[in-house]
Amino acid sequence: MKALKDNIVLKVLSLNSFSVAISFVLGVFSSKIIAVYLGSSGMALMGSFRNFTSMIKSLATLGISNAVIKLFVENKENKEVLSIIYSTFFWLFLGLSSFLGLLVCAFAAPIAVFLFFNEAYTIPVRFFGLMLPLMVINTFWLAIYNSFEKYKRIVLIQIISNILIFGVTALLIYKKLIFGGLLSIVIGEVIMVMITFLFVRNEGNYFRFDLQKVVQKKHLKVVSQFSVMALLSAVLIPITLIFIRDELVKNYSINEAGIWDAANRLSGFYMMFFSSGLTLYYMPKLASIHTESAFKAELKSYFKILVPIFFFVLTFIFLGKQFLLELAFTKEFYVINDFLIWQLAGDFIKIITLAFGFQILVKTMIKRYFAVELVFNLTYILLALFMMQSDGAAGAVKAYFYANVIGLFFVLFLFRNLFFKAKAI
């Protein structure tokens, strides 16, 4: 019992649980609002815009959070080096995000047609382009907080932001329907920037660095490694989701695509608890270990504590799935009940795979990272194309499960030496 109390993973998850509980409740009510006022077609359009904004944000940051954490752990005792690292990140990604933001604004009309099949929604796209630099600065600030392991501040920022974002989203959807829903995605990001700034301005000890300093070549190499990996994920993952959604629209209807998006959104309700907790604890921890024996110890803790907890949560969700669907959606979405088990099973396999995936990311195993991402996403697309022909949205969800299974076996193959011998990594 004492071991459980002293376990850092559980402490971080417990600290994060209050924020996630609030996000979960707000997410459920937000889904209900979208389902009632926008229907499945609105769910699909908002899903497309979220995928697009996620892709552009990832391109603009290019692994900034992961690189900051790694470089901080390696240089935390050298304040001069940290100042050089932070100032370089600030200028590098501010410039990149400004350039990408201008591109988004310039091509807002064709982007709107690609995402929404309509030029009527160019304003939310342009607004996103204008606000992109602020979003990147916010990612930079939160990465510094994460580097200093200031979990309470990050959680508090998330709680305050999520409450305000929910209120704004509900109001905009009620007043402006789909246009308001799309606009709320961007405004939500801006709200988080404002909340983070209120904390940052009073904590100079963590954010005091010389903006005139330039980075050393050895630090640029680390940035470039993470950037290469982030570039792949930034493009491949959203494009995979957008492609599958478009295929559902073409071969079935936008409503069928909305059903699939709703299943993904439901998955996000519980996945955010574990993914955010792991990002807060697991990444800084893995960045600080340098032997396979230490990594094995982390794996043992992961599978002994985290995986059983996640399995319990999924079992609870499956048993109460009808109640959850009624709470979060309308009758139009109840068909999810027929294939939700495939989504839950796929997410369970994904959590197991992440135990190794974070190690690949933190240790910048670029070849392995590329291989894993390509195998999963290409498998997902190919299986979805085949299985959607007869099962529509259900087929896409089944494809997600099988792609995760194949991805897990591939990752285990890559780490096969870990289970037979120990060596420095």
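**Notebook: a nonpolar patch and its surroundings**

I started at the surface, where V25, F29, F323 and L327 make a nonpolar patch of about 380 Å². A reminder to myself: this is a predicted model.

Next I looked up which helices feed the patch. Helix 2 (8–37) and helix 13 (321–328) each supply at least two of the patch residues. V25, for one, has its place in helix 2.

Then I asked myself: is V25 buried, partly exposed or exposed? Its relative accessible area is 41%, so I put V25 down as partly exposed, the class between under 20% for buried and over 50% for exposed.

I stepped back to the whole protein. I counted 16 helices and 0 strands. Of its 425 residues, 57% count as buried. The protein exposes about 18,900 Å², and carbon and sulfur atoms supply 68% of that area.

I also checked how far along the sequence the contacts reach. Taking contacts between residues at least 6 apart in sequence, I found that 83% join residues at least 24 apart.

Last came confidence, which I always like to have on the page. The average pLDDT for the protein is 79, and 76% of the residues score at least 70. Helix 16 (residues 393–414) has the highest confidence, at a mean of 92, while helix 1 (residues 2–6) has the lowest, at 45. Over residues 1–6 the pLDDT is below 50, and beyond near neighbours in sequence this stretch has 4 contacts in the model. Predicted coordinates should not be read in detail where pLDDT is low.

Notes
Residues numbered from 1 in each chain as written. Predicted model: local features only at pLDDT ≥ 70, side-chain atom pairs only at ≥ 80, totals over all residues. Heavy atoms only, no water. pLDDT = per-residue confidence, 0-100. Helix = DSSP H or I, 4+ residues; strand = E, 2+ residues; numbered from the N terminus. Contact = heavy atoms within 4.5 Å. Patch = residues over 30% accessible without salt bridge, like charges linked within 9 Å, V, L, I, M, F, W, Y side chains within 5 Å. Areas by Shrake-Rupley, 256 points an atom, 1.4 Å probe, with all protein chains shown as cover. Salt bridge = Lys/Arg side-chain N within 4 Å of Asp/Glu carboxyl O. Buried < 20%, exposed > 50% of the residue type's maximum accessible area, 1.4 Å probe, protein only.
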